[in-house]
Amino acid sequence: MNTQRAKEIATSPVMANVTYNGVPIYIEQVDEQNGTATIYPLDEPKNKQKVSVSSLKEH
């Protein structure tokens, strides 16, 4: 996924089907300069992590 699309998903009120390593996730914030996103699994909101936007997949 590219940074612009990740940012669109993060700011959209509509939930998108995005996964990280096969796990459905929520994109909380996107850092365009570093190409990273703060995400968490849908079933574990306290388990936040910063990952490369390119490792995210939209289905």
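This is a short talk on the fold of one chain, and the model is a predicted one.

I'll start with the whole chain. The secondary structure consists of 1 helix and 5 strands. Going along the sequence, the pattern reads α-β-β-β-β-β. The radius of gyration is 10 Å, close to the 10 Å that the globule rule gives for 59 residues, so the chain is as compact as a globular protein of that length. Along the principal axes, the C-alpha atoms fill a box of roughly 30 × 20 × 20 Å. Of the 59 residues, 34% are buried. The accessible surface is about 3,900 Å², and carbon and sulfur atoms account for 46% of that. As for contacts, take those with a separation of 6 or more: 36% of them are between residues 24 or more positions apart.

Now the sheet. How are the 5 strands ordered? The order is S4-S3-S2-S1-S5, in an open sheet with antiparallel pairing. At the edges are strand S4, residues 49-52, and strand S5, residues 56-58, each of which pairs on one side only. From one strand to the next, the twist averages 50 degrees.

Next, the helix. Helix H1 covers residues 3-11. Which strands does H1 lie across? They are strand S1 (18-20), strand S2 (23-31) and S5. Relative to S2, H1 runs at about 100 degrees.

Between H1 and S1 there is a loop, and Val14 is found in that loop. Is Val14 buried or exposed? Its relative accessibility is 58%; the cut-off for exposed is over 50%, so Val14 counts as exposed. Val14 and Ser55 are 41 residues apart along the chain, and their C-alpha atoms are separated by 21 Å.

The rest of the talk is about strand S3, residues 36-41. On one side, S3 is joined to S2 by 6 bridges, and the two run antiparallel. Within that pairing, Ile27 stands opposite Ile39 in S3. The hairpin of S2 and S3 has 4 residues between the strands, and in it Gly35 takes a positive phi near 70 degrees.

S3 also pairs with S4, again in the antiparallel sense, over 4 bridges. Here Ala37 stands opposite Val51 in S4, and the bridge partner of Thr36 in S4 is Ser52.

How many residues of S3 are buried? The count is 6 of its 6 residues, and the strand is mostly covered. The cover is on both faces: Thr36, Thr38 and Tyr40 are buried on one side, and Ala37, Ile39 and Pro41 are buried on the other.

I'll take one residue from S3 as an example, and that is Thr38. Why does Thr38 count as buried? Its relative accessibility is 15%, and the cut-off for buried is under 20%, so Thr38 falls in the buried class. Leaving aside neighbours within four places in sequence, Thr38 is in contact with Tyr26, Ile27, Glu28 and Gln29, and also with Lys48, Gln49 and Lys50.

To recap: the predicted model has an open, antiparallel sheet of 5 strands, with H1 lying across S1, S2 and S5. In that sheet, S3 pairs with S2 and with S4, and both faces of S3 are covered. Val14, in the loop between H1 and S1, is exposed at 58% relative accessibility, whereas Thr38 is buried at 15%.

Notes: Residues are numbered from 1 along each chain as its sequence is written. This is a predicted model: local features need pLDDT of at least 70, side-chain atom pairs count only at pLDDT 80 or more; totals for chains, interfaces and linings use all residues. Side-chain values use heavy atoms; hydrogens and water are left out. Two strands pair if DSSP finds at least two bridges between them. Axes are lines fitted to C-alpha atoms, for helices over the stretch in contact, and angles run from 0 to 180 degrees between N-to-C directions. Contact means heavy atoms within 4.5 Å. Buried means under 20% relative accessible area, exposed over 50%, partly exposed in between (1.4 Å probe, protein chains only). The radius of gyration is taken over C-alpha atoms; the globule rule is 2.2 Å times the number of residues to the power 0.38. Accessible areas come from the Shrake-Rupley method with a 1.4 Å probe; for residues, only the protein chains shown count as cover.
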